[in-house]
Amino acid sequence: MLEPSDVIDLFFNHLKTQEFKAGEVIFKAADKGDKMFALMKGEVELWLDNKVVETIHEHDVFGEGALVQLDHSRITTAIAKTDCQIAELNKERFLFLLQETPLFALEIVRSLSSRLRKVKQKSSI
């Protein structure tokens with residue numbers, strides 16, 4: 001079975017990437033969400049209420065909530081913690097990959113599940 005990083009590489013390596021310098025904003029809370037992201041290199045922090053709620057590491061996805069919720073606005077602000085290379089995936093391509101590639105769908109569910117577990121662990125401390 002492929003490792004999560006292999007799945008991300010498989011689906012995102014052929015997409016156009018964008019470079020962000022450390023400290024640059026990728027998206028802001030309340031922005032309309034119309035794409036998700038895969039972090040190819042670097043680290044990204046997700047901010048909520050002036051504090052970091054999560055750090056995204058290489059070969060993980062973020063912003064996928066924008067593509068699974070109807071009329072979604074971003075909840076967090078994403079800021080490059082380090083210099084980053086990020087691939088973008090629009091809703092049309094996202095839906096195609098979900099429909100045609102169960103492995104991609106599994107990776108998205110895995111990412112969301114991991115994120116939920118971290119939130120639950122933090123709230124129980």
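**Exercise 1. Where is the place of Ala-22, and which residues is Ala-22 in contact with beyond its sequence neighbours?**

Solution. Start with the chain order: Ala-22 sits in the loop between E1 and E2. Keep in mind that we're working on a predicted model. Next, look at accessibility. Ala-22 has a relative accessible area of 46%; buried would need under 20% and exposed over 50%, so this residue lands in the partly exposed class. Now skip the neighbours within four places in sequence, and the contacts of Ala-22 turn out to be Ala-80, Lys-81, Thr-82 and Asp-83. To finish, try a C-alpha to C-alpha distance: Gly-42 is 20 residues away from Ala-22 in sequence and 9.0 Å away in space.

**Exercise 2. Work out the order of the strands in the four-stranded open sheet, and say which of them stand at the edges.**

Solution. Trace the pairings and you get E1-E8-E3-E6, with antiparallel pairing. Strand E1 (17–20) and strand E6 (61–62) each have a single partner strand, so one side of each has no neighbour in the sheet, and these two are the edges. Zoom in on one pair: E1 and E8 (residues 84–90) are joined antiparallel over four bridges, and Gln-18 is found opposite Ile-86 in E8. Then add the helix. H3 (residues 91–100) packs on this sheet, touching strand E3 (35–41) and E8. The direction of H3 makes about 80 degrees with that of E8.

**Exercise 3. Find the strands that pair with E7, then decide whether the faces of E7 are covered or open.**

Solution. Take the partners one by one. Strand E2 (residues 25–27) pairs antiparallel with E7 over two bridges, with Val-25 opposite Ile-79. Strand E4 (residues 44–48) also runs antiparallel to E7, joined by four bridges, and here Val-44 faces Ala-80. Now check the side chains of E7 (residues 77–80): Thr-77 and Ile-79 lie on one side, Ala-78 and Ala-80 on the other, and all are buried. Both faces are covered, then.

**Exercise 4. Describe the largest pocket: how much volume does it have, and which residues lie nearest its centre?**

Solution. Volume goes down at about 590 Å³. The lining takes 22 residues, and nearest the centre are Leu-46, Glu-54, Ile-75, Thr-76 and Arg-115. Ask next which elements give two or more residues to the lining: they are strand E5 (51–56), helix H2 (65–68) and helix H4 (102–123). H4 has the largest share, seven residues. Sort the lining by class and you have 10 nonpolar, six polar and six charged residues.

**Exercise 5. Which loops hold Ala-30 and His-59, and what is the sign of phi at each?**

Solution. Go loop by loop. Ala-30 is in the one between E2 and E3, and its phi is positive, about 85 degrees, though it isn't a glycine. With 61% relative accessibility, Ala-30 is exposed. His-59 belongs to the loop between E5 and E6. Again there's a positive phi on a non-glycine, about 70 degrees at His-59. His-59 has a relative accessible area of 24%, so it counts as partly exposed.

**Exercise 6. Zoom out: how many helices and strands does the chain have, and in what pattern do they follow?**

Solution. Count four helices and eight strands, then read along the sequence: α-β-β-β-β-β-β-α-β-β-α-α. Of the 125 residues, 38% are buried. Last, take the contacts with a separation of 6 or more: 77% of them link residues 24 or more positions apart.

Notes. Residues are numbered from 1 along each chain as its sequence is written. Side-chain values use heavy atoms; hydrogens and water are left out. Two strands pair if DSSP finds at least two bridges between them. Contact means heavy atoms within 4.5 Å. Axes are lines fitted to C-alpha atoms, for helices over the stretch in contact, and angles run from 0 to 180 degrees between N-to-C directions. Buried means under 20% relative accessible area, exposed over 50%, partly exposed in between (1.4 Å probe, protein chains only). On a 1 Å grid over the protein atoms alone, a cavity is a set of points where a 1.4 Å probe fits but cannot get out, and a pocket is an open set with protein on both sides within 12 Å along at least five of seven lines; lining residues have an atom within 4 Å of a point. Grid points are joined across faces, edges and corners, and a volume is the space filled by probe spheres set on the points. Ala, Val, Leu, Ile, Met, Phe, Trp, Tyr, Cys and Pro count as nonpolar, Asp, Glu, Lys and Arg as charged, and the others, Gly among them, as polar.
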